[in-house]
Amino acid sequence: MKKIIALVLCLVAILPLCACSSGELESTPVKTEQKPTATADPSNEEKPVTVPDPLTWEKINAIPVATSDMTEDQLRQICADYFRLQLSYQWTPSESFQYRIEAYDRTVNMRKGTVYVGSPYDGGQGNLYKIMNNYDSETGVLTTSQNGEYVTQIIGNHCTSASHWGWSRVSNTYRCGLTQTVTEANGALKLGNYQYPNEKKEHKSTREVCDFNGEQVMYQSYALLKLADGVINFNGAGHVMMISKAAHVEYLPDGTIDGKNSYVLGMEQISSWTKRDFNGVTLPQQGNVDKKYTFQQLFKSSYLPFTIKELIGQDPVEKGYATLEVKDTPALEDLAAGKIVSNYEISDITVRILDPEGKEAYRYITNCSWNVYEKKLNNTIFPASISPFVKKGGHRIEILCRIGTGELFTVYSGELTK
């Protein structure tokens, strides 16, 4: 397993700084680091409507699991397809509620019966597998709350996590997050010949980097962007986008790059619901898909282009695994004291109890945040809740773990004992 870089710890601390605007490239200052809060809002209830294009396991599973023998183009397509689906799935909440994005001093009303597209801006937990744990593919209804938490905390994303879930389908080295510097240690490689003002001293912002290199050097770097590469800025607040169409480059008569007419298409999580047309139906979406950004716009907003190691063959794609570290013949208390370890991000963990006929009698799902590679089971296995099944006898327990590649592993299956 590749070495997990310690720098990821500091990235978690700066996540609240992510400023995902309504599509404008300039960053928005963040006022606070408080977590968005949600409350019930039963007013103006509407009858549930049929979701025009519900999310299904078939759509998710159509995106293949990455393997070491895949081509660069195949790996790039996996990242982009997963992120695109994450930004474009359609749903309606099981009940009306409202939540507040403290960073933007904004209250958002979510209405039962209204169809929404893509994850709400929040949290950082929202990859498609966790969404499906709370989603009815036949009706398109997304369960509004679970274990006392509103859906925005369960399946919401900010710009960094949203794109990260796409790259984590292929990469277990990418840890870039929101930083001023694109570094190899974070699994990301800068594209082009742009330099940092002082390689031995951390610069203050990506604006400083762009100004140091100038337009043409940065334009030449943007010209190298391909499908599933990324751009990042950080100027106190920040933003990350994934490229959905390789750079289109035009030149001026003197041979220099025309920044006004050269462009890329990008995908990104944003923080405002924007109404868009979906096959003749107008729906609110909280993401941009295939939005055009000129090189000049990227430069003015101080974006640094980068790629992921696995996408260019610098780090081979590893075969994913998840294992349970526990005693050889565990009782229930031993299982609760164990932990799951994976070489890819752990998406969620499911504990199932099966009766003597093999029917499911109990299920509990724990959703993990991003950048989790080890997860203790003390908050997933609750002996007090499961003990009644032990007393009945003949029951079995299964522990399943879903990882970033999309694979689901049964890490334990055995007789349920005291």
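**Two antiparallel sheets**

Modeller: In this predicted model, 4 strands make up an open sheet, ordered 18-17-20-21, with antiparallel pairing. Local features need pLDDT of at least 70, side-chain atom pairs count only at pLDDT 80 or more, and totals for chains, interfaces and linings use all residues. Residues are numbered from 1 along each chain as its sequence is written, and side-chain values use heavy atoms, with hydrogens and water left out.

Colleague: Why is one side of strand 18 and of strand 21 left without a neighbour in the sheet?

Modeller: Strand 18 (360–367) and strand 21 (408–415) each have a single partner strand, so they stand at the edges. Neighbouring strands here are turned by 15 degrees against each other on average, direction ignored.

Colleague: What makes strand 17 and strand 18 a pair?

Modeller: Two strands pair if DSSP finds at least two bridges between them. Strand 17 (residues 346–354) is joined to strand 18 by 7 bridges, so the definition is met. Thr350 has Ile365 of strand 18 as its bridge partner. Strands are DSSP runs of E, at least two residues, and helices are runs of H or I, at least four, both numbered from the N terminus.

Colleague: Which strands does helix 11 touch?

Modeller: Helix 11 (residues 383–392) packs on the sheet and touches strand 17 and strand 18; contact means heavy atoms within 4.5 Å. The direction of helix 11 makes about 160 degrees with that of strand 18. Axes are lines fitted to C-alpha atoms, for helices over the stretch in contact, and angles run from 0 to 180 degrees between N-to-C directions.

Colleague: How many bridges pair strand 16 with strand 19?

Modeller: Strand 16 (residues 339–342) and strand 19 pair over 3 bridges, antiparallel, and Ile340 stands opposite Lys375 in strand 19.
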